[in-house]
Amino acid sequence: MFRRFMPHILVVVALLTVGLSGGHELLSNALVDLRLRLDTRPASGEIAVVAIDPRSIEAIGVWPWPRSQHARLLEQLQRAGVRDVAFDVDFSTPSEAAGDEAFLTALQNAKSSVVLPAFRQLDAAGKDTAIHLNRPLPQFEQLAWSAFVNVEVARDGRVRSYAFGEYCDTGGAKTFLQSMGAFLAGSDAVKNSSFLVDYGIDLSSLPRVSYVDVVRGDAAALARLKDKRVIVGATAIELGDYYSVPNGRVLPGVMLQALAAESIVQHRTLLSTSTAATMAGVLLIVIIMLASWRHLSAARRALLIAMISVLIEAVALLLHDRYAVVLDTSLLQIALVAYLAATALDEIDFRGLLRHVAESRFERIAMSIGDGLVCTDRNRRITVWNPGAVAIFGYGADEIIGQPFARLRADGSDTHDLFPQQEAALPATLMPDGSTIEFDGRRKDGEVFPVEASFSAWQGADGLQYGVILRDISARKREAERIRYLAEHDTLTALINRNTLQSELAAMIATADAAADRVALLVIGLDAFQRINDTLGHAFGDSVLRAAAERLHTEIGGMGRVARLSGDEFALAIPCSAIGGTVAELADHLSHLFEAPLDAGTRHQRVKVTLGIAVHPEGGHSADELLSNAHLALCRAKMDRQGSHVLFESAIRHELEQRLTLEAELALAVERNEFELFYQPQVELLGGRVIGAEALIRWRHPTRGLVPPGDFIPVVNTSHLSEAVATWVMATACRQARDWQLAGHDIRVGVNLSPSQFQSGDLAAFVSKLLTSTGLSPRLLELEVTEDILLHDEPGVLQTFNRLQALGVSLVFDDFGTGYASLSYLKKFPLDGLKIDRSFVRDVLTQADDAAIVGSTVSLSKQLGLSVIAEGIENAATAEFLLRLGCEQGQGYHFGKPMPAADFTQRFLQVHEDTRQAGAA
Ligand code: C2E
Ligand code: MG
Ligand code: MG
């Protein structure tokens, strides 16, 4: 409804705005001016102008002229036989008496009526309110008429209208003073109303003569004035009496007065129509438009408007011409122009424009994004298919547009589950919430791949529409898969890693608990893997690890889970029910599995494995516990013997905990120098001469007192402290021996070596350096090795032995007879002597077999050219018996317990010295 009246309301509003602001006046004036220019007519000839023109000024002299000139003019005009004379020349002030007199005389003699000007003038102060009416001098006014010469200047500075006359105050009474034009036209109208001067009257047809010609009595000039109503006034520009009039013209006041008079004479006093007439016209236009708006096309409507416009102007021109009526058509024309504008606006499809802009924007975005952008109609048939969608699915737009969206699904199934429900797509809920759906898509080549899609719906021009953004997420999924794999697996061996094992172990435990089963966790350590890495390179080490992993994996298969825990540690988690034997049997089996060398790429490598086992529930309730306990068992196994396996039991934890505490204490002891070396004498059984001393370590514990080596040396030797302690022992012992040597006592010092000294560093070089730095004679240093050193069969041991012997240092086999293969070592290693273990010596007097062993050992070593010393001689009888068995040297409490160096010196070397001194004395 509102839409229907919209253009008309707009037009009325426009008209009101223009009308109230007076903006239409300009157009109104322009239209009237146009009519004045179009509708011209000649002058009536009744009115003539006597012009005070430049020629007259030139001939008569500088203005103002003496009044005698005007007197002469008046006389000549009488001679010419004019009807009336109107002077548009100021007679309100006196001039020289003769002139005034002459003019007065001329007035008295005039037969025609003469009119002189009265004009309103602003007073000297220039204030609007103080207006002064200038009238001719009283003496003139008695003989002549006076008439008003003021004209109205319109707002645009032009003179358009002219009044018939005006009421003015003359001595208190209001009298009507005719305007000069009205007087000249002989009008008898007594009204102060104005009319529009008809500027269409051709001024050139107005009879006009020069003032000077009249004064000189030029016959032709006088003839032209016969019976005319004459107006005398200045036309010379220098006299300045000029007015702007319509159509850009400028007229002298006298011509303006003459034109006004002509307008009256020719009944061309143009009168404007009333506002009511204009309103009626506007109303008529609005009614015509209302009636025709919907029935006419825009073009026809425009034509109608143009026709009405022309018709109105034609009528206006007719009224102007025939009836001297000025029809103000400005508002009518403005109304028509407004209707024309409304028609144009109506024609422009703003919605269409906006839609076009939006569509082209959408198109550009759709074409440029990498994602697939697909639109469908309400039946889910594809209507838009962008290059992104082409790239993802392989279909060209021409192949797919019009096809159902289901074509894009791997199974081609219905798409109701994907698209938002129709009800949900009502205008209020059109906006998608940004959530995505995943489904399997199918490319043109048949490949199925994961798609991520987000759907939206909106009410389009052709009903409900759907928009789908599609993304190929196969790469993303692959990447996620890869990341997950990396997080769960060991990259080197492709086995699962510790984290994964932990979670799988937890799951296995849960299942086992439910089925009253048990779960075994075997931690498998590759023995001496560090050495393989160090000597053969890390790349080779990696190959060994891979081969080991593969062997384990192949062997276990699906029975359990094999993981790599760290560098050289693997683990196997397996439900006991799946083992098909005992856990110990499985451990043995795994040990044997590694007996065959591993194929590690460039070469075959033999490795041994040591296993630590923990079985749920005894060996640990949780996966964490199980792992940690299996680790402890492995530690234990490695300490015991490489290649073995140990089943966790709580004692192990206790023991290892103690060991850890001890280790920490020992570290502190190293820092605080709590170790001391004691020395035990070694003597010649025959004669009892002290020939050597074995250096034996003691720990002076701040609370426990003196701790024997048996309580801590095994821990030291299997810890990182080993080397520091061994070095200290060796250095201290050598210094002591050197001190004794310097004091003149050739005491051979025996130092116990630990296995670590053969594994790390260069023992021979270290000893050589020590000998040099202390200055000790090499023959005074004896190194004691035990079977656990020889047993290891380290490749460097033999070489080290040789180099040590080359230095002049002797090597003896400590605790001989206690090991498994003592005799074989005698053959394998270059030794200088052996120490018969205390266990054989202790009961040698009572046990016949001990005596036999000692006896044969002594004779064997003699045959091999080795020295022999018996340990643990606690009494003289034993010493005597050993001497009889052929043993020449001994060590034991019988001769002296281990003691501090100072005690040793005092007890054995002082005596020695005393003896020496006594001998010398
Ligand atoms: P070992 O090398 O066989 O030392 C001899 C051990 O027998 C010493 O025990 C000594 O006190 C003891 N002994 C000597 N004569 C007798 C005797 O007549 N009766 C009895 N009952 N015992 C006797 P100790 O000092 O307790 O040392 C024990 C073991 O600790 C040593 O056996 C040696 O293997 C090791 N050890 C001691 N000091 C060091 C050291 O500085 N470095 C290394 N690596 N091992 C050391
Ligand atoms: Mg020893
Ligand atoms: Mg010993």
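# Reading the terms in this model

P617 is placed in the loop between β26 (609-616) and α22, where such labels stand for DSSP runs numbered from the N terminus, helices being H or I with at least four residues and strands E with at least two. The model is predicted, so local features need pLDDT of at least 70 and side-chain atom pairs pLDDT 80 or more, whereas totals for chains, interfaces and linings use all residues. Residues are numbered from 1 along each chain as written, chains are lettered from A and ligands numbered from 1 in written order, and side-chain values use heavy atoms, without hydrogens and water.

Q: What is the peptide bond from H616 to P617, and what is its omega?
A: The bond from H616 to P617 is cis, and its omega is near 10°. Another cis peptide bond joins W63 and P64, with omega of about -5°, and P64 belongs to the loop between α3 (54-60) and α4 (67-80).

Q: What makes the contact between E46 and R229 a salt bridge?
A: The closest N and O atoms of E46 and R229 are 3.7 Å apart, and a salt bridge asks for a side-chain nitrogen of Lys or Arg within 4 Å of a carboxyl oxygen of Asp or Glu, so the pair qualifies. E46 lies in the loop between α2 (24-38) and β1 (47-52), while R229 is in strand β11 (residues 229-234), and the pair therefore ties together parts that are 183 residues apart in sequence. The structure holds 42 salt bridges.

Q: Why is R229 called buried?
A: R229 has a relative accessible area of 9%, and buried means under 20%, exposed over 50% and partly exposed in between (1.4 Å probe, protein chains only), so R229 is buried. Its partner E46 has 33% relative accessibility and therefore counts as partly exposed.

Q: How do you know that E438 and K477 meet in a salt bridge?
A: The N to O distance between the side chains of E438 and K477 is 3.0 Å, and this value satisfies the cut-off, so the name applies. The pair links E438 in strand β18 (residues 437-442) with K477 in helix α17 (residues 474-488), and these residues are 39 apart. E438 is partly exposed at 44% relative accessibility, and K477 is partly exposed at 41%.

Q: What makes R779 and D746 a salt bridge?
A: In this pair the closest N and O atoms are 3.1 Å apart, which again satisfies the cut-off, so R779 and D746 form a salt bridge. R779 sits in the loop between α27 (763-774) and β32 (781-785) and D746 in the loop between α25 (722-742) and β31 (748-752), so the bridge ties together parts that are 33 residues apart in sequence. Elsewhere, salt bridges that share partners join D39, R41, D198, R268, D321 and R322 into one network.

Q: How do you know that the axes of helix α18 and helix α22 cross, and at what angle?
A: The axes of α18 (residues 498-514) and α22 (residues 623-640) come within 8 Å and cross at roughly 115°, on a scale from 0 to 180 degrees between N-to-C directions of lines fitted to C-alpha atoms over the stretch in contact. R498, L501, Q502, L505, A506 and I509 in α18 meet A623, D624, L626, L627 and H631 in α22, where contact means heavy atoms within 4.5 Å.

Q: What is said of the phi of A528?
A: The phi of A528 is near 55°, a positive value in a residue other than glycine. A528 lies in the loop between β21 (519-526) and α19 (529-536), and its relative accessible area of 34% makes A528 partly exposed. D815 likewise has a positive phi of about 55° although it is not a glycine, but D815 lies in strand β33 (residues 810-816). With 26% relative accessibility, D815 counts as partly exposed.

Q: Why is D832 called partly exposed?
A: D832 has 28% relative accessibility, so D832 falls in the range for partly exposed residues. D832 is in the loop between α30 (822-828) and β34 (833-836). Leaving aside neighbours within four places in sequence, D832 is in contact with residues including Q805, V809 and S867. D832 and L783 are 49 residues apart in sequence and 9.8 Å apart in space, C-alpha to C-alpha.
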